[in-house]
There are 2 protein chains.
Amino acid sequence: MFKKFKIPDATIGRLSMYSRFLSDADEKGKTTVSSHDIAQATGVTPAQVRKDLAYFGEFGTRGVGYNSRELYNYIMKILGLDKRWSIAIVGAGNLGRALSQYKGFQQRGFDIVCIFDNDPQKIGKKIANIDIYSLDLLEEKVKELNIVLGIIAVPAPAAQDVADKLVNAGIRGIINFAPVNITVKQNIFVRRVDLAAQLEYLTYYLEESR
Amino acid sequence: MFKKFKIPDATIGRLSMYSRFLSDADEKGKTTVSSHDIAQATGVTPAQVRKDLAYFGEFGTRGVGYNSRELYNYIMKILGLDKRWSIAIVGAGNLGRALSQYKGFQQRGFDIVCIFDNDPQKIGKKIANIDIYSLDLLEEKVKELNIVLGIIAVPAPAAQDVADKLVNAGIRGIINFAPVNITVKQNIFVRRVDLAAQLEYLTYYLEESR
């Protein structure tokens, strides 16, 4: 689905890391940084930093480096983070609850504006001052609150149905935390985050390296 | 750090998905599945399924398919999931709290056996019946409870210090949820899970596709 884009997925992930380092450097009064500085702070090679940035144009001055704030602003614009994004979470269980309260989203420009669930015990309540609505109100709220992104935090068997509802409501991008594959129509972007699978990489490598 | 392994990282992630499908198929009484079945359920091509499995040997019977339970058991063994793993979470904030209660870990053989924090208000309490200990007890508990894996769920500035403590205590693999790069000595495995960065992939693609 992402094949039409020329930029490797991994580059996008690294830009996110670079921008955090640049923001930090700028805050600490470090106005100029080198590709070595960025590389060291983010755990990649300086050549990789230069290659990643070269996809988007020419930056920095040879022998001097990059202006921290300028490069930060530029990367944030590339990532679409020069503005704020409204997000809906579906599922007010443990995971949905934690994500609703996760401060890391807000810092990067993501506002969780409402939560949806089908449990009458939860509907009408709030998590971290965010309203929990019935799933029946999804379409209405997506339009009213200009919500573009959705997070699926429901059990696996419910994930596809929730994805369909999000897409029908007008959502353009989805993070799916349910450990199951969901299918959506072509111009909708989906990323699956499988928390248990992250541990399975570790156990695979540990077994393999014995 | 993972360069010595011949199997692509993405293959490991897909094996995890395949195993979930196979477990499901077996439970539903579907004793034999084809690479097409696996592919359709997990959103990849049948050729990819066959290629991923071929790294580990010959499976299935041409024209018949794979025995669901046999292939499931074999994949679980590859992933090191033919036994259970004890895990410590460091950080009893919102994210650590949610991860402690996340049912998806247990289902795959991961037991969160204790939680560590440095907040005296939290130490001595429990989350989902799991004890919260002072970080000072890390080494003792890791040995006592045979903990091999650690999850870092602390704010970014504290992450490296916690990683050092985990490694010193004898932890072999780490999932780092803090949005910062951590460095560890060579034979320790680390995976970084950056929740906000997942949303940034979506916003990048959305901006790029306009």
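**Exercise 1. Determine how chain B is related to chain A by superposition.**

Solution. Chain B can be laid on chain A by a turn of 180 degrees and a shift of 0.0 Å along the axis, with an RMSD of 0.0 Å; copies are superposed by least squares on the C-alpha atoms of residues with pLDDT of at least 70 in both. The two copies are thus related as by a two-fold rotation axis. In chain B, the C-alpha nearest this axis belongs to B:A98, at 2.7 Å from it. Both copies use the same surface, since 100% of the contact residues of chain B recur in chain A.

The model is a predicted one, in which local features need pLDDT of at least 70 and side-chain atom pairs count only at pLDDT 80 or more, whereas totals for chains, interfaces and linings use all residues. Residues are numbered from 1 along each chain as its sequence is written, and chains are lettered from A and ligands numbered from 1 in the order in which they are written.

**Exercise 2. Describe the side of chain B that touches chain A.**

Solution. Begin with the extent: 50 residues of chain B are in contact with 50 residues of chain A, contact requiring C-beta atoms, placed from the backbone, within 7 Å. Next, identify the elements. Those that each supply at least two residues include α1 (9-27), α5 (94-101) and α9 (195-208) of chain B; helices (H or I, at least four residues) and strands (E, at least two) are DSSP runs, numbered from the N terminus. The largest share, 14 residues, comes from α9(B). Finally, place this helix: α9(B) lies across β3 (85-90), β4 (110-117), β7 (149-152), β8 (173-176) and β9 of chain A, at about 160 degrees to β9(A). Here axes are lines fitted to C-alpha atoms, for helices over the stretch in contact, and angles run from 0 to 180 degrees between N-to-C directions.

**Exercise 3. Establish the strand order of the sheet in chain A and its edges.**

Solution. Seven strands form an open sheet of mixed pairing, in the order β5-β6-β4-β3-β7-β8-β9; two strands pair if DSSP finds at least two bridges between them. β5 (126-127) and β9 (189-192) of chain A each have a single partner strand, so one side of each lacks a neighbour in the sheet. β5(A) pairs with β6 (residues 130-134) of chain A in the antiparallel sense over two bridges, and A:K126 stands opposite A:D131 in β6(A).

**Exercise 4. Identify the partners of β3(B).**

Solution. β3(B) runs parallel to β4 (residues 110-117) of chain B over six bridges, with B:I89 facing its bridge partner B:I115. Four bridges join β3(B) to β7 (residues 149-152) of chain B, also in parallel, and B:I87 stands opposite B:L149.

Methods: Two residues are in contact if their C-beta atoms, placed from the backbone, lie within 7 Å.
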